[in-house]
Amino acid sequence: MHMRWYLEAIKNYVNFQGRARRKEYWLFNFFNLLILGILYLVGSAMESVFLFVIILIYYFFMFIPSLSVTVRRLHDIGYSGWFVLINLIPLIGGTILFIFTCLDSQANDNKYGPNPKVLVH
């Protein structure tokens, strides 16, 4: 059931328009980190270079979907997707982006689209 949010974010990997709820953003990141962690643990246990190559490929494959869901999450709180670049500021940038992604959706429609909480999924 919750895995659907992960798969939906992958399907929308080129969609930088619209809005993403906190649920979509955090469940996508949860499953993404879970898969990376499992691959890393298996690769470490087997001491397999092949699995580390698979991790690297997975990481690069997931970069664009991760970026798009983050941009849509920023849209949901009323910020431009360009605010994702705040993450480039050492030490505080990641913290600021984390706080932004924890904020609740704007209750009404905004310039990025209708409130996704109102839409039935």
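Is Asn87 buried, exposed or partly exposed? I began my entries on this predicted model with that residue, and I found a relative accessibility of 42% for Asn87, which counts as partly exposed because buried means under 20% and exposed over 50%.

**Entry on Asn87.** I placed Asn87 in the loop that runs between helix 3 (49-76) and helix 4 (92-102). Leaving aside residues up to four places away in sequence, I listed Gly93, Gly94 and Leu97 as the residues that Asn87 touches. I then looked at the polar side of this and noted that the side chain of Asn87 comes to 3.4 Å from the backbone nitrogen of Gly94. I also checked Asn87 against Gly43, which lies 44 residues away along the chain, and the C-alpha atoms of the two are separated by 29 Å.

**Entry on helix 4.** Which residues of helix 4 are buried? I recorded Gly93, Leu97, Phe100 and Thr101 as buried there. Looking down the axis of helix 4, I saw its buried residues fall within an arc of 95 degrees, so they line one face of the helix. I next asked what covers the buried residues of helix 4, and the cover includes helix 2 and helix 3. Two of the residues touched by Asn87, Gly93 and Leu97, are also among the buried residues of helix 4.

**Entry on salt bridges.** How many salt bridges does a search of the whole structure find? I noted four, and I went through several of them by pair.

I took Arg19 and Asp76 to begin with, whose side chains meet in a salt bridge with an N to O distance of 2.8 Å. This pair links distant parts of the chain, with Arg19 in the loop between helix 1 (3-11) and helix 2 and Asp76 in helix 3, 57 residues apart. Arg19 is buried, because its relative accessible area of 9% is under 20%, and Asp76 is buried as well, with a relative accessible area of 0%. I noted too that Arg19 and Asp76 belong with Arg73 to a network of salt bridges.

I then turned to Asp104 and Arg22, which form a salt bridge whose closest N and O atoms are 3.2 Å apart. Asp104 lies in the segment after helix 4 and Arg22 in helix 2, so the pair ties together parts that are 82 residues apart in sequence. For Asp104 I wrote down a relative accessible area of 43%, which makes it partly exposed, and for Arg22 a relative accessibility of 30%, which also counts as partly exposed.

My next pair was Glu24 and Arg72, which form a salt bridge with the closest N and O atoms 3.0 Å apart. Here again distant parts of the chain are linked, since Glu24 sits in helix 2 and Arg72 in helix 3, 48 residues apart. I found Glu24 buried, and Arg72 likewise.

**Entry on the nonpolar patch.** Which residues make the nonpolar surface patch of about 470 Å²? I listed Phe30, Leu34, Ile38, Val42 and Met46 as its members. I looked up Val42 in particular and placed it in helix 2 (residues 22-46). With a relative accessible area of 36%, Val42 is partly exposed, and Val42 can count towards a patch because the cut-off for patch residues is over 30% relative accessible area.

How values were computed
Residues are numbered from 1 along each chain as its sequence is written. This is a predicted model: local features need pLDDT of at least 70, side-chain atom pairs count only at pLDDT 80 or more; totals for chains, interfaces and linings use all residues. Side-chain values use heavy atoms; hydrogens and water are left out. Patches are made of residues with over 30% relative accessible area and no salt bridge: like charges are joined within 9 Å, nonpolar side chains (Val, Leu, Ile, Met, Phe, Trp, Tyr) within 5 Å. Accessible areas come from the Shrake-Rupley method with a 1.4 Å probe; for residues, only the protein chains shown count as cover. Helices (H or I, at least four residues) and strands (E, at least two) are DSSP runs, numbered from the N terminus. Buried means under 20% relative accessible area, exposed over 50%, partly exposed in between (1.4 Å probe, protein chains only). Contact means heavy atoms within 4.5 Å. A polar contact is a pair of N or O atoms within 3.5 Å; within protein, one must be able to donate a hydrogen and the other to accept it, and residues adjacent in sequence count only if both atoms are side-chain atoms. The arc is that of the directions from the helix axis to the C-beta atoms.
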